[in-house]
Amino acid sequence: MKMKLFATLIATLITTVATAQKIQINGAGATFPYPIYSKWFSDYNHMHPNVEINYQSIGSGGGIRQLSVGTVFFGATDGPMTNDQIYAVGFPILHLPTVLGGVVPVYNIPGVDAELRFTGPVLANIFLGKITRWNDAAIKNLNPSVSLPGAEITVVHRSDGSGTSYIWCDYLSKVSPEYKKTVGVATSVNWPVGVGGKGNEGVAGLVKQTPGAIGYVERIYALQNNIAYGSVQNLAGEFVRASTETVSNAAAGAAKAMPSDFRVSITNAPGHDVYPISSFTWLLFNERPSDRVKARTMVDFVRWALTDGQRFAAELGYSPLPKEVVALEMQALSRIRT
């Protein structure tokens, strides 16, 4: 009887310890990096079965809001928080770049399989509603060998607070004063024309099912959905298609002069073979979290993601971080109280 009781106590103790060691961490935010975050969280769980990191792909705006009110332990965004947003939160927030990505103009033009060329001003005028048909002279002049139809253009944009929108608007505002004045740069803007889709997934789906549509998505969503996307003229005057290499090229200058808070824009970056609508994407952390166990766990996860995890970037349509940026982030992780 004593042996049976002893065995029961041991089993209970083991169960209690195992349960105590189980760590569940919730995060939310950008859809832009969702494919690689899913891969990372899954692989990290395989290495650390007691750690479960759950991530809701709800858009950058949602991620910022949920972190701000404390409903998630970490957030994610493709548009860095503003000084006013950080001040309003009431606690210090650390932005940590995770990978680089490119936002591409995707389109669905029946009978046209060619890779179209776009300039920033032409894209701005399409999204301002000033260019309304595919055979407009401004588009034809850039693509003289393509037989473009007179079909109406349906603009597709994000309906939710979106870091992808932030990147798109950040670029268009740099190349079009009218766009900057009319639309501006934010995760949520008042669109002059078009229909909205939720998440990168929603925009990709709407473009794919709508003849004559144009939208913008992170490159991996164009690849996964087999949607045509165009090349964009960069600051050097070159028409460049988004790729692992051309997006990496956009970060070359920023890597040498990265601000200490990591909030930096690399859209319309100078240089040869640079894709102009490129950006870092960031994880957001409260530097003074109340749960030290979760903090230590996420710091360990980020160290892994910034080193071994970077090898998954290219295969998932992203670009790995420059080594100089990784080195700075490793130092910055000490800001998180663990």
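1. A good place to start is Ser162, whose side chain reaches the backbone nitrogen of Thr164 at 3.0 Å. Please keep in mind while reading that this is a predicted model. Ser162 sits in the loop that runs between strand S6 (154-158) and helix H7 (163-175).

2. Is Ser162 buried or exposed? Its relative accessibility is 0%, and because buried means under 20%, Ser162 counts as buried. If you set aside neighbours within four places in sequence, the residues in contact with Ser162 are Ser60, Gly61, Ala186 and Thr187.

3. Next, the nonpolar interior. The largest nonpolar core has 101 residues, and Trp168 is among those with the most contacts inside it, along with Ile126, Tyr179, Ile214, Phe280 and Phe301. Another core lies apart from this one; it has 10 residues, including Ala28, Val72, Met81 and Phe91.

4. Trp168 deserves a look of its own. Leaving aside neighbours within four places in sequence, Trp168 is in contact with Val103, Val104, Pro105, Leu123, Phe127, Tyr179, Trp191, Tyr216 and Ile277. Tyr179 from this list is also one of the residues with the most contacts inside the largest core.

5. Finally, a sheet to find on your screen. Three strands make up an open sheet with mixed pairing, in the order S5-S10-S11. Strand S5 (117-118) and strand S11 (239-240) are at the edges with a single partner strand each, so one side of each has no neighbour in the sheet.

6. Where do S10 and S11 meet? Strand S10 (residues 231-233) pairs with S11 in the antiparallel sense over two bridges. For Gln233, the bridge partner in S11 is Phe239.

Definitions and conventions
Residues numbered from 1 in each chain as written. Predicted model: local features only at pLDDT ≥ 70, side-chain atom pairs only at ≥ 80, totals over all residues. Heavy atoms only, no water. Helix = DSSP H or I, 4+ residues; strand = E, 2+ residues; numbered from the N terminus. Buried < 20%, exposed > 50% of the residue type's maximum accessible area, 1.4 Å probe, protein only. Polar contact = N/O pair within 3.5 Å; in protein donor to acceptor, adjacent residues only side chain to side chain. Contact = heavy atoms within 4.5 Å. Core = buried A, V, L, I, M, F, W, Y, C linked by side-chain atoms within 4.5 Å. Pairing = 2+ DSSP bridges.
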